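Welcome, and thanks for taking a look at this model with us. Please have the sequence and the coordinates open as you read.

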Amino acid sequence: MPKRTFWLVTGAALGAGSSLWAERRVRRTVHQAAARLQPDALVAEVGRSARQVAVGAADRLREAVTSGREEKQRREEELWAELAARGDGSNVGPGVGPGVGQGVGQGVGPGVGQGVSVGTAASQPGHRQGPS
């Protein structure tokens with residue numbers, strides 16, 4: 001009979017102890033959930049989430065702009081190479097386009113190819129330097 005009494009007491013003690021542990025655990029979880037659902041905690045969580053979304057969007061936008069610039073540069077170089085291959089060997093390259101120097105569009109617009117120089121204000125006729 002002592003064996004049965006021992007196991008009965010042991011089972012009752014373990015049952016009571018595990019019930020108390022489970023109750024504390026549930027109570028702690030409920031308190032933590034309630035603390036997370038307080039208005040101040042919700043505002044802080046929404047703020048954190050909004051910052052993460054904004055940072056992510058800004059990074060994606062930066063990457064898109066960088067990618068666009070690189071692609072534009074690559075395509076521009078490709079187009080200039082095509083134009084140079086098709087052209088008659090005249091002055092073609094980046095920075096030289098219609099209405100600039102020799103090549104396509106020569107003489108288009110005022111002052112193009114006419115040797116007009118732009119100097120400082122001091123080199124212009126009628127300009128006075130300092131009080132006279």
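This report goes through confidence, overall make-up, salt bridges, a backbone contact and an aromatic pair.

## Confidence

Let's begin with how far the coordinates can be trusted. This is a predicted model, and the protein chain has an average pLDDT of 78. A score of at least 70 is reached by 66% of the residues.

Please take care with residues 99–118, where the pLDDT is below 50. In the model this stretch has 15 contacts beyond near neighbours in sequence. Where pLDDT is low, predicted coordinates should not be read in detail.

## Overall make-up

The secondary structure is quick to list: the protein chain has two helices and zero strands. Helix 1 covers residues 2–36, and helix 2 covers residues 39–86.

How much of the protein chain counts as buried? The figure is 5% of its 132 residues. The exposed surface of the chain comes to about 11,400 Å², and 61% of that is supplied by carbon and sulfur atoms.

## A salt bridge in helix 1

The count of salt bridges comes to six. One of them joins the side chains of Glu23 and Arg27, with 2.7 Å from N to O. Both residues belong to helix 1, where they sit four residues apart, about one turn of the helix.

Are these two partners buried, partly exposed or exposed? Glu23 counts as partly exposed because its relative accessibility is 39%, which lies between the 20% and 50% cut-offs. Arg27 is likewise partly exposed, at 46%.

## Salt bridges in helix 2

Helix 2 holds the salt bridge between Arg62 and Asp59, whose closest N and O atoms are 2.8 Å apart. The two residues are three apart in sequence, about one turn of the helix. Their accessibility classes are not alike: Arg62 is exposed at 52% relative accessible area, whereas Asp59 is partly exposed at 33%.

Further along helix 2, Arg75 and Glu78 are also three residues apart, about one turn of the helix. Their side chains form a salt bridge with an N to O distance of 2.4 Å. Arg75 has a relative accessible area of 36% and is partly exposed; Glu78, at 32%, is partly exposed as well. This pair belongs to a network in which salt bridges with shared partners link Glu71, Arg74, Arg75 and Glu78.

## A backbone contact at Arg62

Arg62 appears again, this time through its backbone. Which side chain has a polar atom 2.9 Å from the backbone oxygen of Arg62? It is the side chain of Thr66, a residue that is placed in helix 2. Thr66 is partly exposed, with a relative accessibility of 39%. Arg62 therefore has its backbone oxygen beside Thr66 at 2.9 Å, within the 3.5 Å cut-off for a polar contact, while its side chain is in the salt bridge with Asp59.

## The aromatic pair

A pair of aromatic rings is described by the distance of the centres and the angle of the planes. For this model, the count of aromatic pairs is one. The partners are Phe6 and Trp7, with ring centres 5.0 Å apart and planes at 75°. The arrangement is classed as edge-to-face because the angle is over 60 degrees.

Where does Trp7 stand in terms of accessibility, buried or exposed? Trp7 counts as exposed, because its relative accessibility of 58% is over 50%.

Notes
Residues are numbered from 1 along each chain as its sequence is written. This is a predicted model: local features need pLDDT of at least 70, side-chain atom pairs count only at pLDDT 80 or more; totals for chains, interfaces and linings use all residues. Side-chain values use heavy atoms; hydrogens and water are left out. pLDDT is the predictor's confidence in each residue, from 0 to 100. Contact means heavy atoms within 4.5 Å. A salt bridge is a side-chain nitrogen of Lys or Arg within 4 Å of a carboxyl oxygen of Asp or Glu. Buried means under 20% relative accessible area, exposed over 50%, partly exposed in between (1.4 Å probe, protein chains only). Accessible areas come from the Shrake-Rupley method with a 1.4 Å probe; for residues, only the protein chains shown count as cover. Rings of Phe, Tyr and Trp (its six-membered ring) pair if their centres lie within 6.5 Å; planes under 30 degrees apart count as stacked, over 60 as edge-to-face and the rest as tilted. A polar contact is a pair of N or O atoms within 3.5 Å; within protein, one must be able to donate a hydrogen and the other to accept it, and residues adjacent in sequence count only if both atoms are side-chain atoms.
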